Amino acid sequence: MTNNRKKPIRWGMVGGGKGSQIGYIHRSAAHRDDVFVLVAGAFDIDPERGRAFGLDLGLDEARSYPDYATMFAAEAGRADGIEAVSIATPNNTHFAICKAALEHDLHVICEKPLCFTIAEAEELKTLSQARGRIVGVTYGYAGHQMIEQARAMVRNGDLGEIRIVNLQFAHGFHSAAVEEQNPSTRWRVDPKFAGPSYVLGDVGTHPLYIAKVILPHLKIRRLLCTRQSFVKSRAPLEDNAVTLMEYDNGAIATIWSSAVNAGSMHGQKIRIVGSKASIEWWDERPNQLSYEIQGEPARILERGMDYLYPEARIDDRIGGGHPEGLFEAWANLYRRFGFAINRERGLAPAGIEDLVFPDVDAGLEGVRWVENCVRSADAGGIWLDYR
Ligand code: INS
C-alpha cells in the first residue's frame with residue numbers, strides 16, 4: 001500500500017543541522033517513500049550556520065530560516081507553506097516549539113521526550129485535538145517489523161498469559177565523563193536542557209513504548225525506581241536506573257536504563273515471558289526474534305519470511321535474508337506518520353484504520369513514566385501508584 005505520492009506533505013525541520021546526531025535519519029526516513037518533501041527549515045540555534053546548512057541541502061534561500069518563530073510565521077503566509085514540521089532540538093525546547101507549531105496548524109513530529117511535565121503533555125494533546133493535527137513522537141525502534149510480529153504473537157495467544165516483561169536499554173558510551181569533550185552529550189546530562197532525568201527519558205522510554213505496542217492490553221498499576229549517578233558530576237541526573245513495575249493483570253516488569261553499561265554497544269532488549277512461551281528481541285540483531293516454547297528447542301524467526309504474521313510483512317521492502325535496520329524502522333514510522341497526516345488531509349488510502357504509531361498519547365505516557373520514576377527514586381525508591 002503506497003501513500004499519497006502525488007501530493008507529498010510539505011515539510012520543515014527545526015534543529016537537526018550541522019553536528020546533530022539525529023537530523024540525518026529524520027530526513028532520510030521522511031524522504032524514503034516520497035511521503036514528505038523538505039521545503040523549509042530552521043536548522044540551528046546559530047542563524048548563519050543554520051542558513052548555510054539549509055542551502056547545502058538545496059533549500060530555497062528564502063526558506064532557510066534563522067529561527068522557528070520566523071519560519072512558522074513566514075510559511076503560514078505562503079500558499080505552498082509547510083504542512084508538517086519535525087523537531088530535533090535539545091529537550092528543553094520541545095514544548096515551546098511543539099506548541100507554536102500546533103498553533104500554526106502544523107502537524108508535528110517531535111523527538112522524545114515530548115516535554116517535561118504531564119501538564120505540558122496534556123496541553124499539547126488538547127491543542128492537537130482542537131486543531132485536528134497529529135503529533136508523532138520518534139520512538140524509532142518501534143518501527144522494526146519484528147515488533148509487529150511480537151505484537152501479533154501476543155494477540156494470537158502464542159505466548160499464553162503474559163507474566164514477566166524484562167526490558168532494558170543499557171549502553172556503555174557514557175561510562176566516563178565524555179560530555180567534557182563532547183557537546184552533543186553535554187546537554188543531555190544538564191538538567192537545564194535535559195529536564196528531570198537523563199537515562200530514564202533518553203533511553204528507558206524506548207523499550208517502554210515498544211512494550212506498549214506489543215502489550216497494548218497491560219496497564220501499569222504501580223512502580224518503584226532507583227537511580228544513580230555513577231559519574232558524580234552528572235548528579236542530580238542519573239546515568240543508571242532500575243524500574244520495577246506491576247501491571248494490572250498481575251504481570252511484573254523491569255526496565256534497566258543505563259549509559260554506563262561498559263562494553264555494551266546498545267543493549268536494548270525486550271523479553272516477554274508468557275505461560276507457554278517467551279519471545280526476545282534485541283535492537284542490535286533487529287531482523288531476528290527468538291521464540292522459545294517451553295520444552296522445545298528455541299527457534300529464531302527471521303524478518304521478511306512467509307511464516308510470519310501478515311502484520312509483520314506490511315512494511316517489508318526487500319524480502320527475508322536482507323538485513324534491515326534502524327533507518328528502515330524510522331522510515332516505517334515516518335510512513336505511518338504520513339498516513340495519519342493524510343487521513344487529516346482527506347488523502348489517505350483505505351485500509352489504514354488500525355494504524356499503530358507513537359502519537360501524542362505515547363509522548364504523554366513517556367513523560368508520565370519518567371515523572372513517576374523520578375518521584376519514586378527521589379523518595380528513596382518507594383512503590384508509587386502510577387498516575
Ligand atoms: C541513545 C540512542 C537513542 C536516542 C538517545 C541516545 O544513544 O541511540 O536512540 O534516543 O537519545 O542518547
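Which residues form one aromatic cluster with W11? The answer is F36, Y334, F337 and F357. The legends below describe close-up views of this predicted model.

**View 1. An aromatic cluster brings together W11, F36, Y334, F337 and F357.** A pair of aromatic rings is described by the distance of the centres and the angle of the planes. A search of the whole structure finds 10 aromatic pairs. One of them joins F36 and Y334. Their ring centres lie 5.4 Å apart. The planes meet at 85°, so the pair is edge-to-face, a label for angles over 60 degrees. This pair links distant parts of the chain. F36 belongs to strand β2 (residues 36-42), while Y334 belongs to helix α10 (residues 326-344). In sequence, the two are 298 residues apart.

**View 2. F36 and Y334 are both buried.** F36 has a relative accessible area of 2%. It counts as buried because that value is under 20%. Y334 has a relative accessibility of 1%, so it counts as buried by the same cut-off.

**View 3. F337 and F357 form an edge-to-face pair.** The centres of these rings are 5.8 Å apart, with 85° between the planes. F337 lies in helix α10, and F357 lies in the loop between α10 and α11 (360-378). The pair therefore ties together parts that are 20 residues apart in sequence. Both F337 and F357 are buried.

**View 4. The charged end of R222 sits over the ring of W383.** The distance to the ring centre is 4.1 Å.

**View 5. K269 lies over the face of W282.** Here the distance to the ring centre is 4.5 Å.

**View 6. Residues 9-139 carry a domain annotation in UniProt.** The unreviewed entry names this feature "domain: Gfo/Idh/MocA-like oxidoreductase N-terminal". Over residues 9-139, the chain is 40% helix and 20% strand. The C-alpha atoms at the two ends of this stretch are 21 Å apart.

**View 7. Domain 1 is in contact with domain 2.** The domain assignment gives domain 1 as 9-141 + 336-359 and domain 2 as 145-316 + 364-385. Their C-alpha centres lie 26 Å apart. Across the interface, 21 residues of domain 1 are in contact with 28 residues of domain 2. The size of an interface is often given as the accessible area lost when the parts come together. Domain 1 and domain 2 bury about 2,100 Å² between them. Carbon and sulfur atoms account for 61% of that area. I118, Y139 and Y141 supply 36% of the area that domain 1 buries against domain 2. No other three residues supply more.

Technical notes
Residues numbered from 1 in each chain as written. Predicted model: local features only at pLDDT ≥ 70, side-chain atom pairs only at ≥ 80, totals over all residues. Heavy atoms only, no water. Phe/Tyr/Trp six-rings, centres within 6.5 Å; stacked < 30°, edge-to-face > 60°. Helix = DSSP H or I, 4+ residues; strand = E, 2+ residues; numbered from the N terminus. Buried < 20%, exposed > 50% of the residue type's maximum accessible area, 1.4 Å probe, protein only. Lys NZ or Arg CZ within 6 Å of the ring centre and 35° of its normal. UniProt positions renumbered as here; feature names shortened; annotations may be inferred. Domains from an automatic or database assignment. Contact = heavy atoms within 4.5 Å. Buried area = accessible area lost by both parts, 1.4 Å probe.
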